[in-house]
Structure formats: C-alpha cells, structure tokens
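Student: I'd like to go through the terms people use for this model and see what backs each one up. Can we take them one at a time?

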Amino acid sequence: MRSPSARGFRPLRDLPALVWLAALVVAVLVHPWVPAPRWLMLHLFFLGAITHSILVWSEYFATALLRAGTDRRAQDLRLALSNGGAAVVVAGILTDTWALVLVGAALVAAAVLWHGASLAVRLRRALGSRFAVTVRYYLAAVAFLGVGATLGVLLARDPAGQTYDRLILAHALVNVLGWMGLTILGTLVTLWPTILRTRMLDGAVTVARRSLLVLAGGLAVAAAGALTGRPEVLALGLAGYAVGTAWSVARMVRTVVHKRPTTYAAWSVAAGVLWLLACLTWLVVGALRGIPGDLAPAAAALDEVAPYLAAGTGAQVLIGAMSYLLPVQLSRGPASARAANAAMDRGAALRVGVANAMLLICVLPVPSAVRVLASVAYLVAMAAFVPVTVGSVRAARRAHTGPTATGPTTTPAVPPTDPAPGGTTDAARVGLSAMSDGAAPAPAATSASHRPQLAGVLVAVLGVVVAGVLVDPTAAGLGTASASSVPANGRTETVEVVAEGMTFTPDRIEVEAGTELILEVTNADAGQVHDLVLPTGHSTPRLAPGESATLEVGVVGESFEGWCSIIGHRQQGMTLDVVVSGGVVDASTGDDADSSAAHGEHGSSSDASENATVDPAAVPSEEFEARDASLEPLPEDQGPVTHRETWSMTEEVIEVAPGVTQQMWTFDGSAPGPTLHGRVGDTFEITIVNEGTMGHSLDFHASEVAPDGPMRTIAPGESLTYTFTANRSGVWMYHCGTAPASQHIASGMAGTVVIEPEGLPEVDRSYVISQSELYLGAGGGALDTEALAAQRPSAMTFNGYVDQYLHDPLEARVGDRVRFWVMDLGPNRPTAFHVIGGQFDTVWTEGDYLLRDGGSTGDGGSQALALGPSQGGFVELSFAEPGSYTVVTHHMVDAEMGARGIIEVE
C-alpha cells in the first residue's frame with residue numbers, strides 16, 4: 001500500500017495553515033494599529049491559510065481519486081512559492097508598498113496555476129474514476145483564481161471611480177466563491193459521506209457534475225455583471241451560484257437521512273456550508289437592491305458577509321475537514337484510530353455550538369461591546385482545535401504503544417470507492433471512507449452526553465451578553481436618561497434611517513407619545529464615516545460605509561433632535577428630528593447642553609467660554625524648535641523625476657501656540673502637511689493611508705485629473721495612491737476635500753507643492769511660508785465650527801504655529817539672496833506678505849513674474865505679495881544691513897494674531 005506521503009500528504013505540510021491562522025489572531029488583536037486592517041485580516045485567512053490548505057488537501061484527494069502518484073518535490077516548491085508570495089503580500093500591506101503586493105500576488109497565482117496544470121495532466125492520464133468530478137471542481141477553482149489574480153493586478157494600479165468599484169467586487173467574488181467555494185463544494189461530494197461513514201447516494205456523481213456547470217456558469221455571469229456595472233446580471237449570476245450550492249446542500253441533507261452526524265468534523269463542516277448558503281442569499285438580496293444601475297448595495301452586502309464567509313464557512317469547513325483527516329493520517333491501527341478520533345471529538349458540541357452562536361450574535365444588532373466579546377469567544381472556540389489536535393496525536397501514540405494495540409498500519413482515509421452496480425455499497429464497504437484496514441471509528445456520542453455541552457453553549461451566550469451590557473450599559477439602553485416618563489402605549493415603531501450626503505433620510509420622524517422607538521441606522525455614503533447621537537444618551541458607533549447599527553431609543557414622550565457627531569456634519573445640516581405628538585414638544589433639542597463630548601464628538605464647543613485662548617506674552621518651552629521652513633535646492637536637472645511618498649492621515653493633539661493644544665488632522669503627522677518640490681514634467685505618486693476615525697481625501701491643485709476617482713473620500717483603514725504629472729509651474733495648494741472641506745483644511749489638512757519655473761536661478765536661502773487660520777475649541781479638542789462658519793479666527797499662523805519664527809527666527813547673512821515661497825492655505829483669510837525693512841526686486845505669482853530683477857528699468861521694487869486663499873507665489877530680496885527683519889502679513893490684525901516672524905540677518 002502507498003504510504004500517506006505517497007498520496008501527497010505529510011502531517012507537517014499543514015502546519016503553515018496553523019501559522020497563518022495564528023497570524024490572523026494576532027492581526028485581530030492589533031488591528032487598530034496597522035494599515036488596512038480589514039484587508040489584512042481577510043488576506044491572512046483567504047490568501048494564507050485557505051490557499052495553503054487547498055493546495056495541500058486538493059493534491060491529496062486528487063492523488064487518491066485518480067489513483068496517481070504525486071511529485072512531492074514539485075508540491076513542496078508550489079507550497080513554498082504560495083506561502084512566500086502570501087508573506088510578500090502581507091509585507092506589502094504592512095509597509096504600504098504596493099509593488100510588494102503585486103509581486104506577492106503574482107507568486108501565489110503562479111503556484112496555483114502550476115498546481116492546476118499538474119492536476120489537469122494527471123486527470124488526462126488517469127485510467128478513469130467516477131469521482132474525477134471532484135478534480136474538475138478543483139480545476140474550475142484554479143481558473144477562477146487566475147481571473148481573480150488578474151483583477152488584483154489591475155487593482156494594484158489603483159484605478160479610479162467606478163472602475164475601481166467594479167474590479168474590487170469582481171475580484172472578491174471570483175476569489176472567494178470560485179477558489180474557496182468551488183473547492184469546498186467539490187471536495188464534499190466525496191468527503192461528506194466519508195465523514196459520516198456511510199455510503200454515497202445513488203446518482204451523487206451525476207448531480208455533482210450538473211452542479212458544477214450551474215456553479216461555474218453562475219459565478220462567471222456574476223463576475224461579468226460586476227465588471228460591467230449591471231446589478232441585474234450580477235443578481236442573476238449569484239442566484240445561479242446559490243442554486244448550485246443549494247443543490248449540493250440538498251445532497252448532503254439526503255445523506256444525513258441515512259447517517260446522522262455525531263462528530264465535530266461533521267457538525268463543523270455542515271455549519272460551514274449553511275453559512276455559505278446564508279451569505280449567498282444576502283448577496284443576491286444586495287444585488288437586487290441595486291437594480292437598476294447601482295452596484296453599491298451589492299458591494300455593501302459583500303462587505304457585510306465577508307467576515308462570515310471567512311469565519312463561518314472557510315474556517316469551519318477547514319478545521320472540520322482537518323479534524324476528520326488528521327487522526328486518520330496519524331493513527332496506526334484500529335485502537336490508535338479510535339483513540340485519536342475520541343480525543344478529537346472532545347467538547348465537540350460545545351466548540352461547534354459556541355462558535356456558531358457567537359457568529360449569530362455578531363449578525364444581530366447588538367451593542368458593540370457584546371459583539372467584541374462574542375468575537376473573542378468565537379476565536380477561543382475555534383482555537384481549541386490546536387490543543388485538541390495535540391491531544392489526539394498523543395492519544396493515538398499511547399493506544400498504538402499500549403499492551404492492547406493490534407492491527408496493521410492504516411492507509412489514509414480517502415473518499416468512498418465506486419459503489420457496486422446499483423449503488424448498494426454499505427457502510428462496511430465504504431472501505432477507505434473511515435478507518436481502513438479494520439480501524440473502527442470511535443463510538444458515536446449520545447444525545448445525553450451532549451446535554452451538558454449544550455448547556456455550556458447557553459451559559460457562554462448569556463455570559464457574553466451580560467458582560468457586554470455591563471461593559472457598555474449605555475449602548476444597551478441602560479444607565480442613561482430615560483427617553484420618556486410617559487406610560488408606554490404598547491406599540492413599537494421601527495424606522496430605517498440612512499445616512500448619506502450630509503443628511504439623514506428621513507430627517508424627520510413623527511411618533512405618538514408612549515411608543516417604543518427603534519432606529520435602524522445605515523451609512524450609505526461611499527467614503528464618509530457617520531454616526532447618530534441622541535440627547536437621551538443613546539448613540540451608534542461610528543459607522544464605516546455600508547455598516548449598520550440599531551438604536552433602541554425606548555418609550556418616547558418628548559421631541560428631540562439627533563445629529564452626526566463627526567466634526568462639521570451637524571453644522572452642515574446632518575440632523576434628525578423626532579417629533580412626538582401628545583407629549584412634551586421640543587423639551588430637548590440637543591442644543592441646551594452640548595453632549596457631543598460625552599459621545600466622543602470631534603466637533604466644536606457650544607460654549608465659547610471654554611475655548612482655548614492664545615496668550616501673546618507666552619513663550620514656548622526651552623526645547624521648542626520651530627518647523628524647518630527651508631526648501632532644499634533640487635538636484636541638477638536630469639529629466640523628469642518620479643517622487644514617491646506615503647503619508648498617513650491621522651487625528652492628533654498638537655501644540656499650536658505656547659501652552660495651547662488642539663486636535664489637528666494631519667498629513668504624515670504634521671499640520672500643515674509636508675512640502676512637495678519638483679519641476680515641470682515630474683510625476684508625483686502619493687499614497688495616503690487613512691489611520692484616523694473618519695473619512696479623509698486628497699485634492700492636489702497641481703494635478704489635472706478628474707476628481708471623482710483619486711480625490712474620493714476613503715474610509716478609516718483604507719489607502720489610495722494619487723498620481724499626477726506636474727505640467728505647469730506654480731506654488732500649488734493641496735488639501736483634504738472631504739466635506740465640509742473648510743473644517744478639514746482649518747484642522748491642518750493642507751500643504752504646499754512647489755513646482756519651479758524653468759530657468760529659475762539659484763539663491764542663497766530659500767524658505768516656504770504658508771499662512772493659515774486657527775479656530776480654537778477647547779484645549780486638546782477640535783476646532784470651533786461656529787467660529788469657523790462666522791470667519792472669526794482665534795489666531796493666525798505661519799507654518800502651523802502662532803509666532804513660531806519670533807521664538808525661533810529664520811536666518812540669513814548680509815548680501816544673501818533670499819527667496820520666500822508663499823502659500824495662503826486659508827481656508828478663508830487672504831495674506832499680504834511683507835518683510836519690514838526689505839523690498840522685493842522679484843515677484844512671481846500664480847504662474848508668472850510680476851517683477852523680475854527690478855523690472856525693465858532695473859530699479860523697480862515691490863513691498864508686498866498679495867494672495868487670496870489657495871494662491872501662491874514667491875518673492876526675492878537681499879539684505880544690505882544686519883539686523884532683525886520682521887516678516888508679516890500686512891493684514892496687520894492677522895499679523896498681530898500670530899502670522900509673523902523674524903529673519904535674523906548677520
């Protein structure tokens with residue numbers, strides 16, 4: 001008989017899958033501090049653990065079914081290529097290096113396509129097997145992964161707008177439903193009756209062949225619908241795939257009629273397939289909602305079910321199959337096999353029950369604390385596989401070496417052999433389907449033995465719910481002010497509220513006093529984060545695009561106003577009026593006291609007396625060092641250059657004046673953001689990573705690109721690469737364009753791009769000065785949006801800090817030629833840049849010279865460079881005498897508020 005390794009399996013080969021799963025657990029724990037956490041977690045699972053396991057086990061089953069040997073060296077090389085490529089992809093994610101992502105994805109695709117080619121060759125050479133249909137499922141899965149990899153390569157180029165949305169949807173569908181889904185369904189054709197230790201149904205192979213055509217055809221149609229932006233085609237394809245899956249599930253159910261599942265492996269696999277069917281149903285519903293012409297609901301549905309396809313389907317089928325196959329592979333005789341299986345099934349009902357109960361809790365509209373605890377409980381239940389497997393190995397060894405151990409070494413379990421004519425193969429003749437060579441299965445667990453474990457599941461559910469409520473009673477509607485003191489009328493009203501485009505729809509809800517009100521809140525914006533805060537103390541978590549939450553307001557008796565607490569959204573009209581008839585009208589509108597701070601609002605203070613103020617006499621600490629305003633000269637012109645940078649977008653508390661801190665929104669940790677410097681013809685590739693808590697974006701005035709793609713708002717955890725070529729010289733502004741743009745700019749999300757005009761002479765000193773306004777809120781808090789709307793700045797700055805170049809002056813020497821690059825970042829106030837005691841002999845603004853080297857007469861001069869918000873230019877001058885020259889905006893009130901500095905001339 002062939003050894004296990006001859007059939008393509010060695011136990012240590014599946015260890016990398018466990019390593020990937022361990023890495024996934026780590027990523028779950030640290031996801032708030034890594035870039036693109038959701039993307040990372042899904043790819044650790046699908047690209048790492050699932051892909052490795054598919055390569056291992058599909059090779060094993062194909063070898064057994066086709067009765068063909070395997071090239072172990074080639075398989076090892078494929079596994080190394082796949083895992084190495086996946087590791088490179090992960091490294092690219094963590095370092096925000098998309099070139100690494102591209103290379104890693106290509107390596108994984110190469111490994112999978114090599115695997116598919118090997119299967120195809122052996123299928124063609126095989127003498128024939130009724131169960132070769134499973135190998136055809138594998139080949140179809142490989143083909144779809146090839147399509148998915150191609151789409152991934154196109155995504156790595158960061159296409160814009162609708163193209164990106166279509167590619168990402170098609171990419172996810174063909175990879176998850178094609179590569180993982182077809183492999184699972186094809187394997188279960190033969191593995192499911194094997195796990196149940198029963199015969200295969202008559203006609204099962206014929207049904208499997210037909211199901212494959214329906215599944216592959218449906219998925220191809222769905223992918224075409226996604227790529228062409230046709231939700232009706234997408235829905236049709238997904239429905240076809242769902243029908244094929246239901247056909248497979250029906251076959252599994254019919255098998256259960258003959259032999260009910262009693263082991264962890266059977267329960268886990270069955271639960272995984274049911275989750276797949278449920279997720280497909282939700283995807284079909286999402287696609288139907290988008291008819292006609294809108295893929296957003298389908299994309300949102302996929303975003304919602306992706307964790308359940310991973311945790312509910314992929315993880316449960318993978319661990320369930322391994323729970324059956326590993327003991328069979330590692331056992332050495334009947335006694336060893338029985339001991340290994342008994343050990344593997346320890347706590348089976350508890351583990352499967354807890355895992356699926358916790359997933360169901362996460363589906364329900366529960367408080368976020370309950371959902372977090374349920375996720376942890378799920379991880380614990382699934383991670384129990386590791387110690388249980390170790391125990392199974394030890395039990396098998398003890399039984400084999402014990403005094404009663406007898407029987408020959410077993411061969412590996414493989415799918416049932418061809419049934420006798422008429423399909424009458426019985427359980428005894430399943431042969432290799434259970435414990436071959438006389439290795440009897442472990443005794444089936446009785447219903448009575450499961451009762452304590454099922455009670456344990458109930459205890460776990462109650463524990464998670466109670467603990468979550470205790471951690472966050474407010475989210476559960478406890479421990480907060482009552483929405484009403486009026487008696488309940490016994491009626492409940494549930495209202496769906498959609499947050500999109502700076503509005504809630506509906507924005508007015510009329511309800512009778514005494515009614516229990518429930519709000520189902522969904523964020524339908526493409527890139528904005530929203531929430532809903534009520535003066536009753538209830539609030540949703542911050543909802544990323546596509547996410548939903550439920551607010552159980554309780555019995556209402558008073559009218560009130562709710563709002564989005566993201567800075568500026570309330571001021572933009574994002575409010576929700578609940579009007580109660582028969583109660584106390586307008587008792588609380590949310591304006592009497594600003595409860596936004598209690599709910600973590602990054603908004604303005606409603607009481608201006610609490611706002612921070614700048615003390616003109618204050619000085620910074622001795623360690624203070626002003627922001628370096630120097631602009632280093634460009635290297636010698638050797639043709640167009642590509643400038644590549646990666647910036648994180650964050651929300652940080654920063655000192656903006658001596659002793660005054662504010663929450664500023666930053667590009668790469670600074671407000672204003674970094675200065676970019678280049679020549680006409682240079683290309684800029686700027687990757688932004690949103691590490692904040694709300695949507696942000698990037699708008700380069702120096703670019704000439706359609707804004708609906710690269711200037712789109714990206715949600716927290718996402719990234720985007722903005723590429724443009726500088727075709728004209730200028731001092732250009734860039735800023736966050738997410739609405740309300742004024743608040744993003746005033747919070748620091750703006751900066752300067754210097755594109756030098758041709759033939760610009762060298763100077764001795766070159767400085768960049770950007771003027772901007774501060775609208776101070778509470779110390780350490782966000783800006784005062786009411787002051788911003790009224791254009792009443794609290795202070796003015798050069799380069800983001802009040803009077804910083806008074807405390808740490810700029811420098812020059814007598815005779816030096818000094819160039820000042822000036823940008824008015826605003827968002828509202830103009831500037832009139834002036835050096836007291838100096839005159840400009842060169843003035844260049846908005847792309848051309850107003851004065852050059854003293855003009856046509858050679859003795860012309862300029863006293864100020866006047867710029868409006870978002871305008872820029874440069875001036876040049878020399879200093880004939882040493883001294884302290886004050887640099888100001890000649891809007892003198894603004895200078896006295898902090899837009900000034902000194903240049904010390906020695």
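Tutor: Sure, and keep in mind that the model is predicted. Start with pairing: two strands pair if DSSP finds at least two bridges between them.

Student: What makes E8 and E9 a pair, and in which sense do they run?

Tutor: The cut-off is at least two bridges. Strand E8 and strand E9 (residues 660-667) share 8 bridges in the antiparallel sense, so they count as paired by that rule. Within this pair, glutamate 651 sits opposite tryptophan 665 in E9. The hairpin of E8 and E9 has 2 residues between the strands, and glycine 659 takes a positive phi near 80 degrees there.

Student: Which way does E8 run against E11?

Tutor: Parallel this time: 8 bridges join E8 (residues 642-657) to strand E11 (residues 683-690). One example is arginine 644, whose bridge partner in E11 is glutamate 685.

Student: Why are E18 and E23 called edge strands?

Tutor: Look at the order of the open sheet, E18-E26-E25-E20-E23, which has 5 strands and mixed pairing. E18 (808-812) and E23 (865-867) each have a single partner strand, so one side of each has no neighbour in the sheet. On average, neighbouring strands of this sheet are turned by 25 degrees against each other, direction ignored.

Student: How do you know that E18 pairs with E26?

Tutor: Again, at least two bridges are needed. E18 and strand E26 (residues 900-905) have 3, in the parallel sense, so the pair passes the test. Glutamate 811 stands opposite glutamate 904 in E26.

Student: On to helices. What makes H8 roughly parallel or roughly antiparallel to H9?

Tutor: The angle decides. The axes of H8 (residues 231-258) and H9 (residues 264-289) cross at roughly 160 degrees and come within 9 Å. That makes H8 roughly antiparallel to H9, because angles over 145 degrees get that name. As for handedness, H8 passes H9 in a left-handed crossing.

Student: What makes a space a cavity, and how many are there?

Tutor: A 1.4 Å probe must fit there but be unable to get out. The count by this rule is 6 cavities of 30 Å³ or more. The largest cavity has a volume of about 250 Å³. It is lined by 19 residues, with Thr183, Ile184, Thr187, Val317 and Ala321 closest to its centre. Helices H2 (37-66), H6 (161-196) and H10 (296-330) each give two or more residues to that lining.

Student: How many charged residues does the lining of the largest cavity have?

Tutor: None: the classes are 14 nonpolar and 5 polar, with no charged residues. The second largest cavity, at about 80 Å³, has 8 nonpolar, 3 polar and 1 charged. Its lining includes Met664, Ser772, Glu773 and Leu825. E16 gives the most to that lining, with 3 residues.

Student: And what lines the second largest pocket?

Tutor: There are 25 lining residues, and Pro633, Leu634, Arg679, Glu756 and Leu760 lie nearest the centre of the second largest pocket. Its volume is about 540 Å³. Strands E10 (676-679), E16 (765-774) and E19 (817-826) each give two or more residues to the lining, with E16 giving the most, 3 residues. By class, the lining of this pocket has 11 nonpolar, 4 polar and 10 charged residues.

Note on methods:
Residues are numbered from 1 along each chain as its sequence is written. This is a predicted model: local features need pLDDT of at least 70, side-chain atom pairs count only at pLDDT 80 or more; totals for chains, interfaces and linings use all residues. Side-chain values use heavy atoms; hydrogens and water are left out. On a 1 Å grid over the protein atoms alone, a cavity is a set of points where a 1.4 Å probe fits but cannot get out, and a pocket is an open set with protein on both sides within 12 Å along at least five of seven lines; lining residues have an atom within 4 Å of a point. Grid points are joined across faces, edges and corners, and a volume is the space filled by probe spheres set on the points. Helices (H or I, at least four residues) and strands (E, at least two) are DSSP runs, numbered from the N terminus. Ala, Val, Leu, Ile, Met, Phe, Trp, Tyr, Cys and Pro count as nonpolar, Asp, Glu, Lys and Arg as charged, and the others, Gly among them, as polar. Axes are lines fitted to C-alpha atoms, for helices over the stretch in contact, and angles run from 0 to 180 degrees between N-to-C directions. Angles under 35 degrees count as roughly parallel, over 145 as roughly antiparallel, 65 to 115 as roughly perpendicular and the rest as oblique. A crossing is left-handed if the near helix is turned anticlockwise from the far one by less than a right angle, and right-handed if clockwise.
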